[in-house]
Amino acid sequence: MEGEESSKLALGSIEDIGPATEKRLKEAGFRSIKDLLVRGPVDVAEATGMEMDEAVEMCNKARIALEELGIIDRSFVTATSLYEKRMSGGQRISTGAKNFDDLLGGGVETKAVTEVYGEFGTGKTQLCHTLCVMVQQPKTAGGLSGKAIYIDTENTFRPERIVSIARARGVNPDRALEGIVVAKAYNSAHQELIIEETGPVIEEQGIKLVIVDSAVAHYRAEFLGRATLSERQQRLNKFMHILVRMAETYEVAVVVTNQIQSSPDAYFGDAARPTGGNVVAHTSTYRIYLKRSSGKNRIARMVDSPYHAEREVLFTLADKGISDVEN
C-alpha cells in the first residue's frame, strides 16, 4: 500500500512531467509532487529555468492529485466536513505541562504553525527541546511516535539538554537523541535552502515536528536599516509561507521561535512586540507570548488563535523541561 501511494506521489505521475523534466526537478531538490505544492510555481520556475506558465500548470496538477489522494483539502468543501475532519483527525503534541496543553487545546497542533515569542530566558528553547522528546512518545503519553527536525539558527540546540529531559521523564536518552535531526543554518540563504530540502527528510525519517529556533534572527542581523526592509520582508514572507504549506501538506506540527523588540508607540501596557512584523503575524496559526513570573516560573499567553480565547497560564522550567508548577 505504501509503495502504491509512493508511486502516486512521484513526479512522473503528472502527465506533463517527462523523464527530462523529472531529472531537472530532482536536480533542483524536488522529490515528489508534495514538494511542488510546498515550494510553489515561482520556486519551480527559478530552480529549473522553465517558463512560469508551465510551472503554474504543473503545480496546479500537483494540487489536484494531492486533493484526490485526500492529502490536502479540496478547494471547495463544506464547513461541516472540515469540522468533522478536525474533530476526528486532529493530532497534537504535548508540551510536557498540562496547563500549557490546555492553553493550546490539547497541545501543539499538526498542520499548523505555532509561533512562540518572548525575551531571553523565558523558555522558548526549553519548550523546543521538550517538544523534541515529547513528539517521540506514543499517543497515550502525549506524543505522535514521530521524529523531530530542529533547524538551529542561533546555536541554541543542546543534545545534553535532550538527555537530561529524557532521563527526567523516564525516556531512553539514546533513543531520544536518535529521533532528532538537527540542521544548523549559518545565514538566511542557508536557512531557506534547508527548509526547501526538508520535504524528503520528513518523508524518509517519519518526522512529525519541525522546529525553527529562531525564524527571524538571521534576517534581522543581515538586513539592517530601512533601505533593506522591503527585501527582508519579502524573503521572510516566502520562508514563512513555505512553512505553512509544509505543515498542511506533510501533516507536521511547525513551531517557530521569535525574538521581541520594544515598540516606541506603546504608551500603556507591555511595549514588547515580536519581530518580523505582519509577515510573521499573518502566517502563524497560533501566537504565544512567554513572560517571566517568579523564580523558574513562566507565564504563557495565547495572543492570537483562530478559536482560542486570549488567556494566560503558569508553567515552570525544570529538569523535565517544560512542566507544571508544583503547589
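In what order do the strands of the open sheet run? The order is E5-E4-E6-E7-E3-E10-E11-E12-E13, an open sheet of 9 strands with mixed pairing. The model is predicted. Strand E6 is largely enclosed by the rest of the structure, and helix H7 lies across E6 and several other strands. The largest nonpolar core has 38 residues.

**Sheet edges and twist**

- Strand E5 (180-184) and strand E13 (321-323) stand at the edges of the sheet.
- Each edge strand has a single partner strand, so one side of each lacks a neighbour in the sheet.
- On average, neighbouring strands are turned by 25 degrees against each other, direction ignored.

**Strand E6 and its partners**

- Strand E6 covers residues 207-213.
- Of its 7 residues, 6 are buried, so the rest of the structure largely encloses E6.
- E6 runs parallel to strand E4 (residues 147-152), and 6 bridges join the two.
- Val-210 in E6 is the bridge partner of Ile-149.
- E6 also runs parallel to strand E7 (residues 253-258), here with 4 bridges.
- Leu-209 has Ala-253 in E7 as its bridge partner.

**The E12-E13 end**

- Strand E12 (residues 312-318) and E13 run antiparallel, joined by 3 bridges.
- Gly-321 in E13 stands opposite Ala-318.

**Helices on the sheet**

- Helix H7 lies across strand E3 (112-118), E4, E5, E6, E7, strand E10 (286-292), E12 and E13.
- H7 runs at about 165 degrees to E6.
- Helix H10 (residues 188-196) packs on the sheet and touches E4, E5 and E6.
- The direction of H10 makes about 150 degrees with that of E5.

**Nonpolar cores**

- Within the core of 38 residues, those with the most contacts are Ile-93, Phe-100, Leu-209, Ile-288, Ala-300 and Phe-315.
- Helix H7 (residues 124-134) supplies the largest share of this core, 6 residues.
- Apart from this core lies another, of 29 residues.
- Members of that other core include Val-210, Leu-236, Phe-239 and Leu-243.

**Contacts of Phe-315**

- These contacts leave aside neighbours within four places in sequence.
- Phe-315 touches Phe-100 and Ala-300, both also listed among the residues with the most contacts inside the largest core.
- Other contacts of Phe-315 include Ala-97, Thr-122, Leu-290 and Ile-299.
- Lys-296, Asn-297 and Arg-298 are also in contact with Phe-315.
- So are Ile-322, Ser-323 and Val-325.

Notes:
Residues numbered from 1 in each chain as written. Predicted model: local features only at pLDDT ≥ 70, side-chain atom pairs only at ≥ 80, totals over all residues. Heavy atoms only, no water. Core = buried A, V, L, I, M, F, W, Y, C linked by side-chain atoms within 4.5 Å. Buried < 20%, exposed > 50% of the residue type's maximum accessible area, 1.4 Å probe, protein only. Contact = heavy atoms within 4.5 Å. Pairing = 2+ DSSP bridges. Axes fitted to C-alpha atoms, helices over the stretch in contact; angles between N-to-C directions.
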